[in-house]
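Reader: I would like to learn how to read the fold and the open spaces of a model such as this one. Could we go through the features in turn?

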Amino acid sequence: MGLLRAGFVGIEMTADPRFAPRVVRLAVTSVVALGLMFVLWSVTEPGIAPIGIALAGGWVLMPSVLVLSLRWPQLRYALVAPAGLVSAALAAICLTDVSATPAARAGWLLITAGVLFGGLLGAWFWFRLLPVPARLQHPFASGRLTLIGIHVGLIVVGLALVSISACSFLVDPRTTTMSPDAIGFRSAAWHFLIPD
């Protein structure tokens, strides 16, 4: 099995038009997925401002850098910043989430694992920090798509679990043991959705 040396610049870091649709899909996906994470955190875990700021920062920066990188591919190295913000925020949610339901805790852990795994894949395949096996060299190689599928699957299942928990919080925010601020936020959201 051949290995391409670390530091080799692949198609992912170039302006090659064959890779542009993947970058556009990633930008759109990041808007949706990171937006959902921010909204779900706002509903289930509000109150720790730095977490919200980091999630919002990642939500804005990730698609922005991806879109700008279509013209300036070297900007893709800057994806480390939003990825770091989101990863730190998710780790903080997992470490401070003492009052969430078991489903929400499991969901945040799965989301965090999926995001961290995606970051490792990006560092490996895009930045070539480690040698890449020849069979994973092509951006659409079946082995690479399998790894991406695991990354996406972890996040999707995690988002589903946290969404279920968020819906139960919104239905009756008084049943939670969250802080008064969090309960007030949920009550306001519930009354906004279904006014008296």
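Author: Let us begin with contacts: a contact means that heavy atoms lie within 4.5 Å. In this predicted model, residues 24 or more positions apart account for 70% of the contacts with a separation of 6 or more.

Reader: Which elements make up the secondary structure, and in what order do they run from the N terminus?

Author: The protein has 6 helices and 2 strands, and from the N terminus on their order is β-α-α-α-α-β-α-α. Of its 196 residues, 40% are buried, while the protein exposes about 10200 Å², with carbon and sulfur atoms supplying 76% of that area.

Reader: How should I read a single helix, and what span should α2 have?

Author: The expected span is 1.5 Å times one less than the number of residues, so the 20 residues of α2 should span 28 Å, and this agrees with its end C-alpha atoms, which are 28 Å apart. Among the buried residues of α2 are I51, L55, M62 and L66, and the buried residues of this helix pack against α1 and α3.

Reader: How does one find empty space, and what volume does the largest pocket have?

Author: Rolling a probe the size of a water molecule over the atoms shows where empty space is left. Here the largest pocket has a volume of about 1000 Å³, and of the 34 residues lining this pocket, L26, M62, G118, G119 and H151 are the closest to its centre. The elements giving two or more residues to the lining are α1, α2, α3, α4 and α5, with the largest share, 10 residues, coming from α1.

Reader: How do the lining residues divide by character?

Author: The lining of the largest pocket comprises 25 nonpolar, 6 polar and 3 charged residues.

Technical notes:
Residues are numbered from 1 along each chain as its sequence is written. This is a predicted model: local features need pLDDT of at least 70, side-chain atom pairs count only at pLDDT 80 or more; totals for chains, interfaces and linings use all residues. Side-chain values use heavy atoms; hydrogens and water are left out. On a 1 Å grid over the protein atoms alone, a cavity is a set of points where a 1.4 Å probe fits but cannot get out, and a pocket is an open set with protein on both sides within 12 Å along at least five of seven lines; lining residues have an atom within 4 Å of a point. Grid points are joined across faces, edges and corners, and a volume is the space filled by probe spheres set on the points. Helices (H or I, at least four residues) and strands (E, at least two) are DSSP runs, numbered from the N terminus. Ala, Val, Leu, Ile, Met, Phe, Trp, Tyr, Cys and Pro count as nonpolar, Asp, Glu, Lys and Arg as charged, and the others, Gly among them, as polar. Buried means under 20% relative accessible area, exposed over 50%, partly exposed in between (1.4 Å probe, protein chains only). Accessible areas come from the Shrake-Rupley method with a 1.4 Å probe; for residues, only the protein chains shown count as cover.
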